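Q: Could you take a close look at one part of this model with me? I would like to start from a single helix and work outward to what surrounds it.

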Amino acid sequence: MFKSKDLLGLYGVSAEEIDEILSLGLKLKERLKRNEKSFDALSGKSVVTLFYENSTRTRCSFELAAKFLGGKVINIAAATSSVQKGETLVDTGKTLDAMKNDVIVIRHPMGGAPKLLGETVKAHVINAGDGMNEHPTQALLDMLTLREHLGGLRGLKVAILGDIRHSRVAKSNLFGLTAMGAEVRMYAPKTLIPAGLERMGAKICSSREEAVSGADAVMGLRIQLERQRGGNFPSLGEYAKYFGVNEEIMKYAKKGALVLHPGPVNRGVELTCGLIDGDTSRIEDQVLSGVAVRMALLLLLTQGRVKL
């Protein structure tokens, strides 16, 4: 049973809790594949998506997850809310709580905002990405995809390449995968590698070849130009040439190694089009994993242990 009221990140979440989310997520994904999309487990429950940043995949995924489970969904975009009138996050949370909402899914540009909200409201809070901190449900869907196709996570070698400094996805994957017994290798320009990752369990590699060598899966990360102020690398072309993942680099990985990406992809920059659209790509499959794992999380947070 999930121990916390909220899911704020994967740092400190136990392997048992992650396993329960993934196990339920896999069962739900199988049902979604059979086009079973009508459940009543969240009947009478309301889920608010409170997004202070733009999002397509994450927001739509949470909305579908709640609706498939029979819940009511309320979407709030900060650009069209009372935030523009000066309302604080705490006051917004108190207002949503007074309306008896059951779950608040928040994306915010400031790290720690979901924690602040969780301490303010009685509703369950799910972090859909906070600043450069964490994005736990993205990591969970990545892990679900790996587990489904590779049979488990313990002992896997997963290479993560790209804009690691600004990536909350990379951090959540590091915490989640290492908790489940996988080895996480990271490679990026030195300007995009934050200090302290090795203390958190990452293996920082000195080349793409080292990072990818013998890997079971290779994840490219989006170059987050909107979070950068310039100077981290000369150009997108040079980044693709020296740090991007291509077919030649993938020869160092295990035969049939999976290709992942949290999306949206800058084609020809982080990954070549051939890899994105290739047989070992699981990028589209990650999207369905996202709906399933978010369904599982909504169920576990609101109902405790769930059996299907």
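Which glycine takes a positive phi just after α11?

A: Happy to walk through this predicted model with you. The residue you are after is glycine 304, with a phi of about 80° just after α11.

Let's begin with the helix itself. The 21 residues of α11 should span 30 Å at 1.5 Å a residue, and the end C-alpha atoms are 30 Å apart, so expectation and model agree. Because 17 of those 21 residues are buried, α11 is largely enclosed by the rest of the structure. Leucine 300 is a handy example: this residue is placed in α11, and its relative accessibility of 3% is why it counts as buried, the cut-off being under 20%. From leucine 300 to alanine 211, C-alpha to C-alpha, is 35 Å in space, with their positions 89 residues apart in sequence.

Now to the packing around the helix. The largest nonpolar core holds 86 residues, and those touching the most other members are Leu140, Met143, Leu146, Met186, Val218, Met295 and Leu298. The element that gives the most to this core is α11, with eleven residues. Methionine 186 is worth a pause: leaving aside residues up to four places away in sequence, Met186 touches Ile160, Ile164, Ala170, Leu174, Leu197, Ala202, Lys203, Ile204 and Cys205. Another core lies apart from the one just described, with 14 residues that include Leu50, Ala78, Ala113 and Ala123.

The helix also takes part in a pocket. The largest pocket has a volume of about 840 Å³. Its lining comprises 42 residues, of which Arg57, Gln138, Pro262, Gly263 and Pro264 are the closest to the centre. Two or more lining residues come from each of α2 (57-68), α5 (136-150), α6 (168-179) and α11 (283-303). Here too α11 gives the most, with eight residues. Sorted by class, the lining of the largest pocket has 17 polar, 13 charged and twelve nonpolar residues.

For a companion to α11, turn to α2, which also lines the largest pocket. The twelve residues of α2 should span 16 Å at 1.5 Å a residue, and the end C-alpha atoms are indeed 16 Å apart, so the two values agree. Buried residues in α2 are Thr58, Arg59, Ser61, Phe62, Glu63, Ala65, Ala66 and Phe68. After α2 comes glycine 70, whose phi is positive, near 90°.

A further pocket is worth a visit. The second largest pocket has a volume of about 310 Å³. Of its 20 lining residues, Leu7, Leu8, Gly9, Tyr11 and Glu134 are the closest to the centre. The elements that give two or more residues to this lining are α4 (113-120), β4 (124-130) and α6. By class, the lining of the second largest pocket divides into seven nonpolar, seven charged and six polar residues.

Finally, here is a residue to set beside leucine 300. Methionine 99 lies in the loop between α3 (89-98) and β3 (103-108). Its relative accessibility is 56%, so methionine 99 counts as exposed, whereas leucine 300 counts as buried. The C-alpha atoms of methionine 99 and glutamate 248 are separated by 55 Å, and the two residues are 149 residues apart along the chain.

Notes:
Residues are numbered from 1 along each chain as its sequence is written. This is a predicted model: local features need pLDDT of at least 70, side-chain atom pairs count only at pLDDT 80 or more; totals for chains, interfaces and linings use all residues. Side-chain values use heavy atoms; hydrogens and water are left out. On a 1 Å grid over the protein atoms alone, a cavity is a set of points where a 1.4 Å probe fits but cannot get out, and a pocket is an open set with protein on both sides within 12 Å along at least five of seven lines; lining residues have an atom within 4 Å of a point. Grid points are joined across faces, edges and corners, and a volume is the space filled by probe spheres set on the points. Helices (H or I, at least four residues) and strands (E, at least two) are DSSP runs, numbered from the N terminus. Ala, Val, Leu, Ile, Met, Phe, Trp, Tyr, Cys and Pro count as nonpolar, Asp, Glu, Lys and Arg as charged, and the others, Gly among them, as polar. A nonpolar core is a set of buried Ala, Val, Leu, Ile, Met, Phe, Trp, Tyr and Cys residues joined through side-chain atoms within 4.5 Å. Buried means under 20% relative accessible area, exposed over 50%, partly exposed in between (1.4 Å probe, protein chains only). Contact means heavy atoms within 4.5 Å. The expected span of a helix is 1.5 Å times one less than its number of residues.
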